[in-house]
Structures are given as C-alpha cells and as structure tokens.
Amino acid sequence: MNVISNILYWISTGLLVPVIVLLIFFFARALVMVGAYFGQWSRARKSSVRLEAAVSSLDKGNAAGALAALPEKPLTPAEAYGRRLFEAAGDEPKLNLLLSDFELETEKEISTSKTLTKMGPILGLMGTLIPMGPALVGLAQGDIASMAYNMQVAFATTVVGLTVSAIGFLTQQGRERRAAADLSRLEYIADNLCQTSTKNNAL
C-alpha cells in the first residue's frame with residue numbers, strides 16, 4: 001500500500017511544473033484575448049449598424065440598397081456572410097449552408113473563451129491541491145519555510161486560474177450575444193431573399 005501511495009505522490013508532485021506552465025500560458029493567452037476582444041467589439045458595433053441598415057432596406061423592398069449597406073471589404077464575418085447571402089439569392093440550400101457555415105465559424109471563435117473558462121478552474125484546483133501534500137509534510141517535520149512556500153504556490157495558482165476563467169467567461173458571454181444577434185439578422189436576410197425569389201418565380 002505504501003508503494004502505491006508513494007507512486008501517486010510522485011505522479012502528483014511531478015504534475016506541478018506542467019500545471020504551472022500551462023497556467024502561465026493560459027494567463028498570457030487570456031491577456032492577449034482581452035486586447036483582441038476590444039478591437040473586435042469596436043468592429044462588431046460598426047458591423048451591427050450596417051447589418052441593421054441592410055435589414056431596414058429589405059423591409060422596404062430595396063434589395064440593392066441592402067447589398068450596398070454591406071461593404072465590399074467586410075470588417076467582420078457577419079458582413080462577409082451577408083454579402084455571400086445576396087450572391088446566393090434564390091438558392092435556398094446554398095443559403096442554409098452559408099448560415100450553417102457562419103454558425104461554425106462563430107463557434108470556432110468562441111471556443112477559445114470556452115477553453116479558458118473550463119481550464120482555468122481545473123488547473124487552478126490542481127495547482128492548489130498538489131502543493132498541499134509537501135506543505136503537510138513540511139508541517140509534520142517542523143519545516144515552516146517549506147510549508148509557507150508550498151502554501152504560497154497553492155494560493156497563487158488558485159488566483160491565476162480563477163482570473164483566467166473570469167476572462168474566458170466574460171469574453172464568451174459577449175461573443176455569444178454578438179453571434180446570436182448577427183445570426184438573427186443573417187437568417188432574416190436569407191428568409192427575405194427566399195421569399196422574394198419565390199414571388200418572382202410565381203410571377
């Protein structure tokens with residue numbers, strides 16, 4: 001039994017360095033993502049205005065004006081897919097495929113935030129529990145310095161892990177709301193183009 005316990009102890013203590021390295025990597029990735037997120041948010045606001053203008057033009061039956069509201073050099077995937085929807089007007093299967101592709105692209109963008117949200121607490125908890133073993137050993141041996149060091153590592157990894165998770169969660173919420181709004185507008189454009197094509201064919 002002691003052999004098995006020692007093996008588990010060696011495995012857990014051996015994982016401490018990889019856990020800390022991963023935490024540092026994810027923390028750096030989270031900081032980079034925060035900067036990128038604000039840039040994307042600024043572009044998304046402009047894109048939202050243009051998509052809303054395209055929807056308003058379609059409400060008035062002005063398909064040409066709706067297409068003109070979307071720039072030839074799109075700032076966001078939503079604008080790019082908006083123009084592609086107009087190019088596929090009348091082809092319902094193609095329109096549905098484009099909407100599905102847009103969902104997949106936005107899901108890929110959100111996946112990084114989801115990874116940070118889940119991995120932050122996992123690595124933080126591992127980084128908290130692993131040093132507790134050596135800390136208890138140090139306490140039993142009267143080595144206060146060793147115990148204090150290991151406790152410091154345990155608390156630090158918890159804080160870093162929770163910070164990574166918080167950044168991931170907040171950016172995930174923002175991106176999901178934006179993606180849902182963009183998808184709703186693109187679906188409206190696709191439905192409108194399908195109905196217009198059907199009416200023209202009927203005439």
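**A walk along the helices and surface patches**

Let's start with helix H2, which covers residues 16-59 in this predicted model. H2 has 44 residues, and going from its first C-alpha to its last takes you 59 Å, close to the 64 Å expected at 1.5 Å a residue. Just after H2 you'll meet Gly-61, and its phi is positive, near 80°.

Now look at the surface. There's a nonpolar patch of about 1000 Å², and its members are Val-3, Ile-4, Ile-7, Leu-8, Tyr-9, Trp-10, Ile-11, Leu-15, Ile-122, Met-126 and Val-137. Two elements give two or more residues to this nonpolar patch: helix H1 (2-14) and H5. H1 brings the largest share, with seven residues.

Let's zoom in on one member of that patch. Ile-11 lies in helix H1. Why is Ile-11 called partly exposed? Its relative accessible area is 48%, and partly exposed is the label for values between the 20% limit for buried and the 50% limit for exposed.

Next comes a patch with charge. Asp-91, Glu-92, Glu-103, Glu-187 and Asp-191 form a negative patch on the surface. Which helices each supply at least two residues of this negative patch? They are helix H5 (92-129) and helix H7 (144-202). So you've now met H5 twice, because H5 gives two or more residues to the nonpolar patch as well.

Pick out Glu-103 in the negative patch. Glu-103 sits in helix H5, and because its relative accessibility is 39%, Glu-103 counts as partly exposed.

Definitions and conventions
Residues numbered from 1 in each chain as written. Predicted model: local features only at pLDDT ≥ 70, side-chain atom pairs only at ≥ 80, totals over all residues. Heavy atoms only, no water. Patch = residues over 30% accessible without salt bridge, like charges linked within 9 Å, V, L, I, M, F, W, Y side chains within 5 Å. Areas by Shrake-Rupley, 256 points an atom, 1.4 Å probe, with all protein chains shown as cover. Salt bridge = Lys/Arg side-chain N within 4 Å of Asp/Glu carboxyl O. Lys, Arg positive; Asp, Glu negative; His and termini not counted. Charge placed at Lys NZ, Arg CZ, Asp CG, Glu CD. Helix = DSSP H or I, 4+ residues; strand = E, 2+ residues; numbered from the N terminus. Buried < 20%, exposed > 50% of the residue type's maximum accessible area, 1.4 Å probe, protein only. Expected span 1.5 Å × (residues − 1).
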